[in-house]
Amino acid sequence: MNLRPLGRTGLRVSEIGFGAWGIGAAQWIGAKDDESVRALDRAVERGLNFVDTALAYGDGHSERIVGEAVRRHKGLLVATKIPPKNRRWPARRDIPVSEVYPADYLRARTEESLRNLGVETIDLQQLHVWTDEFLAQGDWRDEVLRLKSEGKIRHFGVSLGEHTPDNGLALVESGLVDSVQVIYNIFDQSPEARLFPLCRKMNVGVLARVPLDEGGLTGKITPETVFPEGDFRANYFRGERKAQVRDRAAKIAADLKIGLDALPATALRFTLSHPAVSTVIPGMRSARHVDDNCALGDGRGLPAEVVEKLRAHHWERNFYTA
């Protein structure tokens, strides 16, 4: 597994990280703890050293499973996230940070994550929602510095809202943040315009999430696909969206003259082809997913001419809130 620097943190992280939302089992129906444990163990065997979880993933369930893996595997790096106090995703610009991330709340949730993970220090603590209006408000900045000085967190980052990469530009420019997490894939290439160049200038790490568009870039979503009741994807791919995604995926495959079965690898390599990206964090709930994804963390991106062809497949839409 090839390693990349996580910005200025001094950490070197595996190109393929473990996205641990699915193993929280709350919104991804069908996740089984024993299979999740095997997937994490297999990922470490394949050279993966970075896991991204969150307190909100199954109300701490994902963190607890990840914590067990940390105790089994020395050197496994963990990033987690503090949910907004008002439980609103994404952040709203008209709601002050005092209602979302007051200092005492940051501390309480960090302590909770430390207990769930069974560690004394969180390698990367992140805010799960963000809007740049928060930057000049509230007491959260001082609390982050206190948590760092006390050794409860090593580094600090934010997770940017869906399809809004420019909403973190002021924060990155401020120098307060060590990393940003952002949606980046063939369909959403928008971080390339302003966020990625700024992250490279400021030496801020980038966690690229949703590289497969919640499954839309796997080539496996068809109009006939049915998701279990309560599964997040049932809403994400509701109505005509499955047909739209299938059509888009087929056009990519035809343009590159590849089969749909080769699309997931192409999508992951596309994300890794950008030099600003530190790690890509696909969701992995089985050892098979781990093997397929970790095989791509070999330091090889896509040829420049293939990346250029994929520029035409950028797709402006928001399936999360629309």
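Helix α9, which spans residues 263-272, is mostly covered, since 9 of its 10 residues are buried. The model described here is a predicted one, and this briefing starts with that helix before turning to a pair of packed helices and then to two buried strand residues.

**Helix α9 and its surroundings**

- The buried residues of α9 are L263, P264, T266, A267, L268, R269, F270, T271 and L272.
- These buried residues pack against several other elements, among them the strands β1 (3-5), β9 (205-209) and β10 (279-280).
- Helices also take part in this packing, because the buried residues of α9 pack against α8 (241-256), α10 and α11 (304-310) as well.

**The pair α1 and α10**

- Helix α1, made of residues 33-45, packs with helix α10, made of residues 287-294, at an angle of about 25°, and their axes are 8 Å apart.
- Since angles under 35 degrees count as roughly parallel, α1 is therefore roughly parallel to α10.
- The crossing of these two helices, α1 and α10, is right-handed.
- On the α1 side the contact is made by A39, R42 and A43, which meet A287, V290 and D291 on the α10 side.
- Sorted by character, the residues of this contact between α1 and α10 divide into 4 nonpolar and 2 charged, with no polar ones.
- As background to such contacts, an α-helix has 3.6 residues a turn, so residues three or four places apart point the same way.

**Q126 in strand β6**

- Q126 belongs to strand β6, which covers residues 122-127.
- Because its relative accessibility is 0%, and buried means under 20%, Q126 counts as buried.
- Leaving out residues up to four places away in sequence, Q126 touches D52, A79, T80, K81, I82, G157, V158, Q181 and L207.
- A polar atom of the Q126 side chain lies 3.0 Å from the backbone oxygen of T80, and T80 is also one of the residues that Q126 touches.
- From C-alpha to C-alpha, Q126 and W89 are 15 Å apart in space, while in sequence they are 37 residues apart.

**L207 in strand β9**

- L207 is found in strand β9, one of the elements against which the buried residues of α9 pack.
- With a relative accessibility of 0%, L207 counts as buried.
- Setting aside neighbours within four places in sequence, L207 is in contact with L6, F50, D52, L124, Q126, S179, V180, Q181, V182 and T279.
- D52 and Q181 appear in that list, and both are also touched by Q126.
- L207 and E111 are 96 residues apart in sequence and, measured in the model from C-alpha to C-alpha, 23 Å apart in space.

Conventions: Residues are numbered from 1 along each chain as its sequence is written. This is a predicted model: local features need pLDDT of at least 70, side-chain atom pairs count only at pLDDT 80 or more; totals for chains, interfaces and linings use all residues. Side-chain values use heavy atoms; hydrogens and water are left out. Axes are lines fitted to C-alpha atoms, for helices over the stretch in contact, and angles run from 0 to 180 degrees between N-to-C directions. Helices (H or I, at least four residues) and strands (E, at least two) are DSSP runs, numbered from the N terminus. Angles under 35 degrees count as roughly parallel, over 145 as roughly antiparallel, 65 to 115 as roughly perpendicular and the rest as oblique. A crossing is left-handed if the near helix is turned anticlockwise from the far one by less than a right angle, and right-handed if clockwise. Contact means heavy atoms within 4.5 Å. Ala, Val, Leu, Ile, Met, Phe, Trp, Tyr, Cys and Pro count as nonpolar, Asp, Glu, Lys and Arg as charged, and the others, Gly among them, as polar. Buried means under 20% relative accessible area, exposed over 50%, partly exposed in between (1.4 Å probe, protein chains only). A polar contact is a pair of N or O atoms within 3.5 Å; within protein, one must be able to donate a hydrogen and the other to accept it, and residues adjacent in sequence count only if both atoms are side-chain atoms.
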